[in-house]
Amino acid sequence: MIAFVHDQEGGHRDFWMNSIWWQGVTLLDLRERRLLVHTDQHIPGRHRRTSVLEIRAWLRLVAARWPGWQVTWASRGLHHIMDYLDMPYDTVLYLDEPLDLPARWAQAPTEDDDLSLVAQAVIAIRDFDERLSFCGWWATGLDTPLLAGPEKLLSPQSETVPFAALDAIPWSGVYLDAPNRTLDWWALDCSLDLRELAARWSGWRLTDHGDRFEEVATLVGPELLLDVGTEEEAFQKVAGWFTADLDPADRAALLDGLAE
């Protein structure tokens with residue numbers, strides 16, 4: 001990896017690719033032996049949708065190839081990396097220009113005929129009258145809905161449902177509880193300025209749960225049904241994708257080592 005980085009041309013400490021065309025970022029901290037990774041695509045090289053459980057499994061495989069290193073998913077993407085490096089966001093062109101949320105932004109959280117095809121984010125909203133509804137955000141990244149603020153997210157939407165049954169875990173999920181003025185979310189792709197987020201939600205309690213969708217689902221309640229199997233089942237599936245070409249004995253040794 002280090003040799004690959006040194007071989008690249010066109011970038012230096014004061015010039016980064018703009019935030020429009022990038023698809024992923026990796027940061028190697030050689031002193032702290034930390035590897036931060038992020039991609040706005042699904043698992044690299046896999047032309048399929050991948051859920052949070054499968055990303056966790058992929059990280060576990062990556063960590064096995066980096067013994068002695070702390071491998072972390074940078075959930076806030078380029079903002080996460082800039083904060084880690086203590087560099088201004090405008091180092092990356094267009095990074096500090098969030099998109100506006102359309103007036104009619106909500107869609108169904110899943111495809112009608114396949115519950116495993118889920119939106120990029122499922123958003124659960126409990127309004128001031130205690131009514132709970134679910135909708136999906138199908139565009140990339142959770143930053144646009146979150147930065148829209150409570151007024152826009154609470155505006156009536158036509159494509160909502162009173163409960164959600166999902167066969168896969170979306171990359172992101174939100175629970176907006178208006179009566180208690182709380183906003184909780186999990187996210188794998190939410191590139192934003194935390195100071196701007198706090199300003200848009202003044203007077204609300206904000207909690208970022210990382211990739212811990214289980215915590216947010218518990219807050220939502222039984223109206224959010226997740227039929228997704230176990231974390232170990234997801235790991236065995238992903239491990240099969242990336243070890244299929246290995247000699248059976250080598251594959252067994254690798255998987256046994258990861259299970260320890």
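**Notebook: aromatic cluster, helix H6 and selected residues**

I looked up the aromatic rings and found that ring pairs join Trp58, Trp73 and Trp171 into a cluster. I took rings of Phe, Tyr and Trp (the six-membered ring of Trp) as paired if their centres lie within 6.5 Å, with planes under 30 degrees apart counted as stacked, over 60 as edge-to-face and the rest as tilted. The model is predicted, and I therefore note that local features need pLDDT of at least 70, side-chain atom pairs count only at pLDDT 80 or more, and totals for chains, interfaces and linings use all residues. Residues are numbered from 1 along each chain as its sequence is written, and side-chain values use heavy atoms, with hydrogens and water left out.

**Entry: aromatic pairs**

I searched the whole structure and obtained 5 aromatic pairs. One of them is Trp73 with Trp171, an edge-to-face pair at 5.9 Å centre to centre with 85° between the planes. This pair links distant parts of the chain, 98 residues apart: Trp73 lies in strand S3 (residues 70-73), and Trp171 lies in the loop between strand S8 (164-166) and S9. Helices (H or I, at least four residues) and strands (E, at least two) are DSSP runs, numbered from the N terminus. I then asked whether Trp73 is buried or exposed. Trp73 counts as buried at 9% relative accessibility, and Trp171 counts as buried at 3%. My cut-offs are under 20% relative accessible area for buried, over 50% for exposed and partly exposed in between, with a 1.4 Å probe and protein chains only.

I also noted the charged end of Arg60, which sits over the ring of Phe235, 3.8 Å from its centre. The criterion is NZ of Lys or CZ of Arg within 6 Å of the ring centre and within 35 degrees of the ring normal.

**Entry: helix H6**

Which residues of helix H6 (residues 213-220) are buried? I found Phe213, Val216, Ala217 and Val220 to be buried. Seen down the axis of H6, the buried residues fall within an arc of 100°, so they line one face of the helix; the arc is that of the directions from the helix axis to the C-beta atoms. These buried residues pack against helix H2 (52-65) and against strands S6 (121-126), S7 (132-137), S9 (172-177), S10 (182-187) and S12 (224-226). Gly221 follows H6, and its phi is positive, near 110°.

**Entry: Thr182 and Glu151**

I located Thr182 in strand S10, where Thr182 counts as buried at 6% relative accessibility. Leaving out residues up to four places away in sequence, Thr182 touches Tyr175, Leu176, Asp177, Trp204 and Arg205; contact means heavy atoms within 4.5 Å.

Glu151 is found in helix H4 (residues 143-153) and counts as exposed at 70% relative accessibility. I recorded a C-alpha to C-alpha distance of 9.6 Å between Glu151 and Trp201, which are 50 residues apart in sequence.

**Entry: cysteines**

I applied the disulfide rule, a pair of cysteine sulfur atoms within 2.5 Å, and the count came to 0 disulfides. Cys135 is buried, with a relative accessible area of 2%. Cys190 is buried, with a relative accessible area of 4%.

**Entry: whole chain**

I counted 8 helices and 12 strands in the chain. Of its 260 residues, 45% count as buried. Among contacts between residues at least 6 apart in sequence, 68% join residues at least 24 apart.
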